[in-house]
Every structure is written in structure tokens, then in C-alpha cells.
Amino acid sequence: MPTHRTIADLADALAKKELSSVELTQAVIDRTAAVEPRVRAFTSWDSADALAQARASDERRAAGHARGPLDGIPIGIKDNIAVTGQPLTASSKILASYRSPYDATVITRLRNAGAVIWGRLNLDEFAMGSSTENSAFGTTANPHDLTRVPGGSSGGSAAAVAAGEAIGTLGSDTGGSIRQPAAFCGVTGLKPTYGLVSRYGLAAFASSLDQIGPLTRTVEDTAILLQAIAGHDPLDSTSCQIAVPDYRAALHSRPPRSAPRHLGIPREYFGEGLDPEVGAAVGQAVAHYKKLGYEIREISLPHTEHCLSVYFIVATAECSSNLARLDGIRYGHRSPAATDAVDIYTKTRAEGFGPEVKRRIILGTYVLSSGYYDAYYLRAQKVRTLIRQDFQKAFEQVDAIITPANPGTAFKKGEYAKNLMALYLSDIYTIGANLAGLPGISLPCGYSKDNLPIGLQLLGQPFKETDLLQIAHDYEAAHDWAKRFPNL
Amino acid sequence: MPADLDIDHIARLARIDLTPEEKAAFSAQLGDVLAHIEKLKQVDVTCVEPTAHGFPIYNVWQADEPGPTLTPEQALGNAPAQRDNMIAVPKVVE
């Protein structure tokens, strides 16, 4: 089935004319039609638009102007990234009728690479959540077990790749929202270094943490997608001016190293709350790296226990500010019951936002309110400095840090409905990378006895995605988890 | 719930009408979150500079030059109400 093949493999098939982009795109459309009633990874899709892009790709190729490995490959997009003429709902009722008048920079770059922009993928409303249960348009199911969540907030993006409804996808990661669902769904997800990928056109949740990144079947596919979207963008003032290396080439042609790489195991990530099956799978990955000649060092990230608190203050403060723009005046839903301007704000926001978004806006407003700023927000920013310094010190000793992506495997839908703190704590291993701006990748490293994927997380040094991808590839090349598909 | 979390006041600041049920639920849930956050007070942050971003960033200025923009139709395409190429809102002054 072409929908279960990798970008690299399909690029080869397209180049050899064994397959056309129209045939591939039609296969993705057919696959989506077949499994979507059970998976519900999408908020919407436009088959005619995708096929028109595929035809254009085939014509380009026939004329000898193919643009590279993404040309003609259908890529699904999280429904908080702007695509001209397509809905951008952020899985919220407040934007249910919104259609984007412009492309996000990552979309412009994918188009320039020839990718077929395919479908809008479900998420936790405004990317707030860890299960995709907070979508106003219904919960996505984990393709490996339809009674379980796909993770979140990029649950639709991860589920679509796992289910063969897209060959690759884009998600966004504010506290682990690419890596956590990738781990739950048995695919590879990369949160790039903050500033490597433009956020222009991303519906902002927490601007100092958000980063767009790829979800794919393999590390090589992640390198291909990252290549297309990385690089400075004058439209994003937090975008870094840095040369983008050839990530894919770096996987296959590496100069010999004079010294072994060092991997750090943070002791704070392997304690209470870690599922023994997850711990064992990550332990086996560590053993594999040892066998390859990596040197393993135990390290400490002493402020790890404070990551969640800092995240909740910083993320909610920024979200309360960012979502102030959704006021019923310029775009989106406007309450028909409102009579004056303030009434428009309060009623529109009451009708338009779901409970998780309201909860976070309320918390963010509280921590920024008069008399509390110093006690909460300023203190959190100072502890964020200490968290960042923990990582800086660790990277003086090691090239990358190896951890589980999540404390457990995908949980049942509704399992944490009455225990929010436990749900929030499930992001504990991924949040640090966002607070420190580091790149992090999650890739499958095993399956539980319940046949649920287990994710391995590797955290790297800023802008050293090449090293991170190489290290991830060293594990993946000797394992075949990426070839294991859910039985749908 | 912390004694000083005045949910009505915060909801007013956030410009969100909350139902009595939401107020009760959020107060309890946010009480749990704030209790967790309280642990930050144990951290010694003396002489620690705050971090606003993972990396230092500086103001970036765009050249003040005319360029392509959205057309009025595109800009108004998502407006909940419009009239004469403008977004329509209820009267805000007497």
C-alpha cells in the first residue's frame, strides 16, 4: 500500500515514474475515506484541491522540473497552521468558520518544495492538551487501539501518519505536543530548536515555547521535511539567522569521528511514575547505543521537578495574552446575544472557547494580574533560567540526552477526565526542551504487552539537529519499529 | 482553592462570562494547579536573571516600505459583520 511507504521511498518511486503523484494522492484520499470514520484524525480535507496540486506536480516532473524529494508527496497539516483558502479552526468553535487568507511560511516552503498540502488535522483546542480530547470537533482515536487517545495536542498529525492517511504531517510543540503523540502512535516527531522554523502563520498558544515540526514514519523522512521548512524568515521576529545544513545527507555520509559520542541519562527522568515497560524499552535502547560505541553518562537536571510549574505559568500567561485577539470583533465567532462591545467580548469568548482553553486563560490572567506578577510570572522566568542552565551544564558533558518520551503508553479516552494534575504531569519529560528552546525527537523504541507503541526521546543542543538526527538514525537503522503498522 | 483567587474578578479581567458551574469547577481545578506551582517558592532565585525566551532575542525592525498586503475583501472575509468595506461593531460611544 503506497500510503504506508516513507517519503524517501515514495520520492524514489515518483522519480522513477513507477507511481504518479495523482495516484499516490488518490491512494491517500481512499485510505482516509476508509479509516477516517474510526480514526477521526482530520477536521476537514479537500480532495479536489489535493488532486489539483498532485496534477501540477506530475506536470512539473514530466517537464523535467521536479523540485526534490517532497515533490508530489501529500503532507497533512495541523489545523492551527494557515493554508490559503482552507479552514483554520484550531479545533475551536470560536474559529469554526474561519478561512485563512494567507499561507504560513512553512506552507509556502512546502509548496516551494512541491509537496501536496493535504487536509486539516485535529488537535486539542488551540494546542492545549495532551490527548486531543479537548477538540471542539471530537476526539481522534489512537490507530493502534481505537479506545485510546493518540496523545496531544498534535494527535491528529500523529494518528494520520500512523494510519496511512498522510505520508508526513506538520504539528506544533509547546510542551511536547509533537513528541508525545508521536510516541503514543508509534511514529517519529521532531520539535526543532526554538527559532529554527518560522512560526508565522501558526495560531499562537505560547509564543516563547511554540515550534512547528514534522511527524513522519522515519528519521530520514523527518530530515527531509525539516529541510523544507527550516531557516530564517523575516516575517517572524524570533526566527534565527542561521545556515541550514543538509540534514538528509548528514544521515548517510558522515566524516569519521575522532571520539565517541556521549549520551546523558538524567536520573530525574527515571524515577517514580515511570511505567516499567517504558523504562525497560528505553534501557534496551541505551544498551544498543553502548554496543555502537557510545559512552553513556548519568547526569542530573536538578530543576526537572519545577518544569511543569514553570511551564504552566509561562504558557498560560502567554496564552491569556495571545488569545485576547479572539474577541468577536475582527474575525471568528461573534455572539448573537451580545448588545455592546464588552458584551461581545465576554459572551463570544464564553460561547467560543472550550473548558481547557478557558481554564488556561483564567490561570494565565491570574498569574499576570496586579499583585501576582512578581510572585508567579517573574519567579517562573527566573526558574526557567535555572532549567536552561541545567541543560547547558549537561551539554558540557554529553552530546545528547536520552529519556523516555512519556511516563507511560497511550491511555484510555476519558481516563484523566477527573484528574487534571495527573494528565498535566504526563508531559513532564517533554516540557524541559521547550523551556530551554532545545531540539527534541521522539521515535518508536518498542511496544508494550498491550501492543502499544513506546517512545524514545533524544534531546540535543541548540541548532544541532544534524547530530540529533544522526543519533536517532543510529538507533532506528538497527530496529524495525517504523515498519510496524496498526491493524486498521 | 486559594483564598485570594477571586474567580469573578479574574473572569472579568479575562473578558469571559463563566457559568456558576464553570466557576466552581475552575476554582477547584486551579486550586490544585496553584498548589503545585507554590513549590516554586522553595527555589532560590536570588541573583538569577529571568528568561523570556530559550535564547536571547532582540527587536527586529522591518523596513518601512510598501509591499503586497491583503485586499479589503481578504481582510474582511472572516469578519463577523461588515458594512462599506469596514468591520461593523455595536456603537461604543454615546
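Select residues 23-469 of chain A, the span to which an unreviewed UniProt entry assigns the feature "domain: Amidase". The model on display is a predicted one. Over residues 23-469 of chain A, helix accounts for 38% of the chain and strand for 14%. The C-alpha atoms at the two ends of this span are 31 Å apart.

**The annotated active site**

Next, select K78(A), S153(A) and S177(A), which carry the annotation "active site" in the unreviewed UniProt entry. These residues are spread over 100 residues of sequence, yet they cluster in space, with a largest C-alpha distance of 11.1 Å. From this set, S177(A) belongs to the lining of the largest cavity. K78(A) is found in strand β2 of chain A, which covers residues 74-78.

**The loop between β3 and α5**

Move now to S153(A), which sits in the loop of chain A between β3 (116-121) and α5 (155-163). What kind of peptide bond joins G152(A) and S153(A)? The bond is cis, with omega at about 5 degrees. Select A127(A) as well, since the loop between β3 and α5 of chain A also holds this residue. A127(A) is not a glycine, but its phi is positive, at about 65 degrees. As background, most residues other than glycine have a negative phi, and most peptide bonds are trans.

**Where chain B meets chain A**

Display both chains and colour the residues in contact: 50 in chain B and 65 in chain A. Between them, the two chains bury about 5000 Å², and 69% of this area is on carbon and sulfur atoms. To see where chain B loses the most area to chain A, select L40(B), F55(B) and N78(B), which together make up 14% of what that side buries.

How many salt bridges does the rule find across the interface of chain B and chain A? There is one. To inspect a salt bridge, select K358(A) and E22(B), whose side chains meet with a distance of 2.7 Å from N to O. The interface also has 16 residue pairs in polar contact, with both residues at pLDDT 80 or more.

Finally, select helices α1 (7-14) and α2 (20-37) of chain B, each of which supplies at least two residues of the side that touches chain A. The largest share of that side, nine residues, comes from α2(B). Colouring the side of chain B that touches chain A by class gives 32 nonpolar, eight polar and 10 charged residues.

Terms used: Residues are numbered from 1 along each chain as its sequence is written. Chains are lettered from A and ligands numbered from 1 in the order in which they are written. This is a predicted model: local features need pLDDT of at least 70, side-chain atom pairs count only at pLDDT 80 or more; totals for chains, interfaces and linings use all residues. Side-chain values use heavy atoms; hydrogens and water are left out. Contact means heavy atoms within 4.5 Å. Buried area is the accessible area (1.4 Å probe) that two parts lose on being put together, summed over both. A salt bridge is a side-chain nitrogen of Lys or Arg within 4 Å of a carboxyl oxygen of Asp or Glu. A polar contact is a pair of N or O atoms within 3.5 Å; within protein, one must be able to donate a hydrogen and the other to accept it, and residues adjacent in sequence count only if both atoms are side-chain atoms. Helices (H or I, at least four residues) and strands (E, at least two) are DSSP runs, numbered from the N terminus. Ala, Val, Leu, Ile, Met, Phe, Trp, Tyr, Cys and Pro count as nonpolar, Asp, Glu, Lys and Arg as charged, and the others, Gly among them, as polar. UniProt positions are given in the numbering used here, feature names are shortened, and annotations may be inferred rather than shown by experiment. On a 1 Å grid over the protein atoms alone, a cavity is a set of points where a 1.4 Å probe fits but cannot get out, and a pocket is an open set with protein on both sides within 12 Å along at least five of seven lines; lining residues have an atom within 4 Å of a point.
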